[in-house]
Amino acid sequence: MSSSATDPIPSDPTSPSTAARTSGESLRPQPRPAANAGWAVASVLFFWPLAFSAFTHAFNVYPLWASGDVDGAQDASDRVRRLGQLSLWIFGGLLLLFVILYILVAVVVITHGGGHHGMMHYRYG
């Protein structure tokens, strides 16, 4: 009989806890990344289609951190911030486009005489 069947499975030498112990670092808990809920709210206010993804990532920050996936939690937190900022940029671009189109329409109406010059006014009486 082989002794490998009765031997316990050795721990993974590349696990974060083993790697931290072997490199001399202390095993202190990592701080929880910010959920950046404010950026998620900004995405609702300024460009709501991005809000679905932003809130999903914001709600995933704590569960990922609590399960020990600190890098995943930080990535989710960073993604919420990027989506909030992207929603502001999109809103700014759409607002700028709206202002440009409004000015163009105003210029066209003014140059082509947007008044009632071609209409005849009749008085009945």
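**Packing of helices H2, H3 and H4**

Helix H3 passes helix H4 in a left-handed crossing, as seen in this structure, which is a predicted model. H3 spans residues 51–66 and H4 spans residues 70–111, and their axes come within 8 Å of each other while crossing at roughly 160°. Because an angle over 145 degrees counts as roughly antiparallel, H3 is described as roughly antiparallel to H4.

On the side of H3, this contact is formed by Ser53, Ala54, His57, Ala58, Val61, Leu64 and Trp65, and these residues meet Val70, Gly72, Ala73, Ala76, Ser77, Arg79, Val80 and Leu83 in H4. When the residues of the contact between H3 and H4 are sorted by class, 10 are nonpolar, 4 are polar and 1 is charged.

One of the H4 residues in this contact, Ser77, can be considered in further detail. Ser77 has a relative accessible area of 3%, and is therefore classed as buried, the limit for that class being under 20%. If residues up to four places away in sequence are not counted, Ser77 touches Pro33, Ala34, Asn36 and Val61; of these partners, Val61 belongs to the H3 side of the contact with H4.

A second helix pair involves H3 as well. Helix H2, which covers residues 37–46, packs with H3 at an angle of about 165°, and the axes of the two helices are 8 Å apart. Since this angle also lies in the range over 145 degrees, H2 is roughly antiparallel to H3, and H2 passes H3 in a left-handed crossing. The contact is made by Ala40, Val41, Ser43 and Val44 from H2, together with Ala51, Ala54 and Phe55 from H3. By class, the residues of the contact of H2 with H3 comprise 6 nonpolar and 1 polar, with no charged residue among them.

Ala54 of H3 takes part in the contact with H2 and is also listed in the contact with H4. Ala54 is, in addition, a member of the largest nonpolar core, which has 6 residues, the others being Ala40, Leu50, Ala58, Val80 and Leu83. At least two residues of this core are supplied by H3, and at least two by H4. Within this group, Ala58 is in contact with Val80, and also with Ala35, when its neighbours within four places in sequence are left aside. Ala40, another member of the core, is likewise one of the H2 residues that make the contact with H3.

Key:
Residues numbered from 1 in each chain as written. Predicted model: local features only at pLDDT ≥ 70, side-chain atom pairs only at ≥ 80, totals over all residues. Heavy atoms only, no water. Axes fitted to C-alpha atoms, helices over the stretch in contact; angles between N-to-C directions. Helix = DSSP H or I, 4+ residues; strand = E, 2+ residues; numbered from the N terminus. Parallel < 35°, antiparallel > 145°, perpendicular 65-115°, else oblique. Left-handed = near helix turned anticlockwise from the far one by under 90°. Contact = heavy atoms within 4.5 Å. Nonpolar A, V, L, I, M, F, W, Y, C, P; charged D, E, K, R; others polar. Core = buried A, V, L, I, M, F, W, Y, C linked by side-chain atoms within 4.5 Å. Buried < 20%, exposed > 50% of the residue type's maximum accessible area, 1.4 Å probe, protein only.
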